[in-house]
Amino acid sequence: MALQAATSFLPSALSARKEGSVKDSASFLGVRLAADGLKLDTTALGLRTVRVSRSADIRAQTAAVSSPSVTPASPSGKKTLRKGTAVITGASSGLGLATAKALAETGKWHVIMACRDFLKASRAAKAAGMDKDSFTVVHLDLASLDSVRQFVRNVRQLEMPIDVVVCNAAVYQPTAKEPSYTADGFEMSVGVNHLGHFLLARELLSDLQSSDYPSKRLIIVGSITGNTNTLAGNVPPKANLGDLRGLAGGLNGVGSSVMIDGGEFDGAKAYKDSKVCNMLTMQEFHRRYHEETGVTFASLYPGCIATTGLFREHIPLFRLLFPPFQKYITKGYVSEEEAGKRLAQVVSDPSLTKSGVYWSWNKNSASFENQLSEEASDADKAKKLWEISEKLVGLA
Ligand code: NDP
Ligand code: PMR
């Protein structure tokens, strides 16, 4: 019955699209969708210049004691690549865990699981069958800039090279009536998903740069819902950073808005805005640092992984209907395992070394370079976002 309710709305939404109507709309679990002329895309369905900082010195020293990226020829005469080390934030569930597992299973990667709940992460890795030598859990709470800085110190003490960093963790608060805040007073979704990762990525760039691994990568997970050039990205509330006046005011609700564009609090919009920030940040990193550092910067939409903990705060009816809706109606559904393989590809596949790309996968699970929306590819906005963000996290 409930499923029927969910499925019955959709043909009208899609047929409205087919007919190119600009007025038709459909409602799903209380959400109104205006399908106004959208492209239905179910397949996509402290370093301004790189300073060699003290941290880079530490990495350089540790690199001297760590194994070189290519070990000498074995008796068979074949050179082998050393194990890569990948830091993955939010590896205690969903996409992050599936990616950690996929990488660990190859035997070619050691995963640093950067998680806020140490015990949950260790248990999750064990339950996923990950070999105990294939991962290290290091505490990271992205809702605290102090925790991010502490994480960076801790991870350096492991004396492992850092070859890939994956900014994956996220919170989504679609039902929150009031905003909640990080330890530094930022609205939670943008604070965790964007600002915490911004500081982390900036700090670890020098470590990536000093790694001797052949392909060093910084990956920031994006999403279709932040891209208004897709049907999914046009489900209200739509992402929109406006002129970033709320962000510039500190997103703290004291004398400034908690929303990036300066509007009223909306948890679902805050998440989508944060994903736009993630995709803009990846491109700004690419423009500023790709040539200089050789690091590949990438983002992706892994598919709709409708079963993950991301929807934990959504109403129960949504959690019940969302997976079948995505599986049978939009066909955008992807399992955690498949999504993990996709992100693992962006981490390690030799054919995905192009920098500045937003990856997606088609129905046959083949990767392709996708187009970002106008806002998510706006270079001026990316620059402004970068400059405001570095002030907020204490880098400028
Ligand atoms: P999950 O909720 O399963 O995973 C999110 C992870 O983030 C969890 O490990 C969670 O930790 C962690 N996390 C949350 N807050 C913090 C914090 N303050 N500090 C450190 N870690 C934190 O969701 P998904 O796997 O679905 O999401 C992973 C990524 O995929 C996100 O970036 C999301 O935007 C993206 N994505 C997801 C899609 C989907 O359909 N699910 C589609 C497109 C993109 P804990 O386990 O302790 O709660
Ligand atoms: Mg969406 C091709 C259609 C498509 C795809 C790939 C997604 C992905 N969604 C699509 C369409 C629709 N969604 C339609 C037609 C509707 C009904 C109006 C719809 C509704 C909907 C809701 C209420 N969808 C959602 C929600 C959420 O709360 C999720 C969200 O926006 O989280 C931020 C969501 C999602 N839909 C997706 C994906 C991937 C999500 C999770 C978003 C994310 O992780 O970025």
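1. R342, in this predicted model, is buried, with a relative accessible area of 8%, whereas E338 is partly exposed, with a relative accessible area of 24%. The side chains of R342 and E338 meet in a salt bridge, at 3.6 Å from N to O. Both residues belong to helix α10, where they stand four residues apart, about one turn of the helix. Elsewhere, salt bridges that share partners join R82, D163 and D212 into one network.

2. A similar question of burial arises in helix α8, which holds both E284 and R287, three residues apart and so about one turn of the helix. E284 forms a salt bridge with R287, and the closest N and O atoms of the two are 3.2 Å apart. Of these partners, E284 counts as buried because its relative accessibility is 5%, under the limit of 20%, while R287 is partly exposed, with a relative accessible area of 41%.

3. The salt bridge between the side chains of R156 and D207, at 2.7 Å from N to O, links distant parts of the chain, since R156 lies in helix α5 (residues 145-157) and D207 in helix α6, 51 residues apart. R156 is buried, and D207 is buried as well. The count of salt bridges in the structure comes to 16.

4. Turning to the aromatic side chains, the structure holds 11 aromatic pairs. In one of them, the rings of Y172 and Y271 have their centres 4.9 Å apart and their planes at 55°, so the pair is tilted. Y172 lies in the loop between β8 (164-167) and α6 (188-210), and Y271 in helix α8 (residues 267-293), so the pair ties together parts that are 99 residues apart in sequence. Y172 counts as buried at 13% relative accessibility, and Y271 is buried too, with a relative accessible area of 9%.

5. Another aromatic pair is formed by F285 and F297, whose ring centres are 5.3 Å apart and whose planes stand at 15°, so the pair is stacked. This pair links distant parts of the chain, with F285 in helix α8 and F297 in strand β10 (residues 296-300), 12 residues apart. F285 and F297 are both buried.

6. Ring pairs also link Y172, Y271, F311, F318 and F322 into a cluster, so that the tilted pair of Y172 and Y271 described above is to be read together with the other rings named here. A charged side chain meets an aromatic ring at another place, where K327 lies over the face of Y333, at 4.8 Å from the ring centre.

7. The second largest pocket has a volume of about 340 Å³. The elements that give two or more residues to its lining are α3 (94-105) and α10 (336-348), and α10 gives the most, with three residues. The lining of this pocket is made up of 17 residues, of which L81, K108, W109, Y213 and S348 lie nearest the centre. By character, the lining residues of the second largest pocket divide into nine nonpolar, four polar and four charged.

Methods:
Residues are numbered from 1 along each chain as its sequence is written. Chains are lettered from A and ligands numbered from 1 in the order in which they are written. This is a predicted model: local features need pLDDT of at least 70, side-chain atom pairs count only at pLDDT 80 or more; totals for chains, interfaces and linings use all residues. Side-chain values use heavy atoms; hydrogens and water are left out. On a 1 Å grid over the protein atoms alone, a cavity is a set of points where a 1.4 Å probe fits but cannot get out, and a pocket is an open set with protein on both sides within 12 Å along at least five of seven lines; lining residues have an atom within 4 Å of a point. Grid points are joined across faces, edges and corners, and a volume is the space filled by probe spheres set on the points. Ala, Val, Leu, Ile, Met, Phe, Trp, Tyr, Cys and Pro count as nonpolar, Asp, Glu, Lys and Arg as charged, and the others, Gly among them, as polar. Rings of Phe, Tyr and Trp (its six-membered ring) pair if their centres lie within 6.5 Å; planes under 30 degrees apart count as stacked, over 60 as edge-to-face and the rest as tilted. Buried means under 20% relative accessible area, exposed over 50%, partly exposed in between (1.4 Å probe, protein chains only). A charge sits over a ring if NZ of Lys or CZ of Arg is within 6 Å of the ring centre and within 35 degrees of the ring normal. A salt bridge is a side-chain nitrogen of Lys or Arg within 4 Å of a carboxyl oxygen of Asp or Glu.
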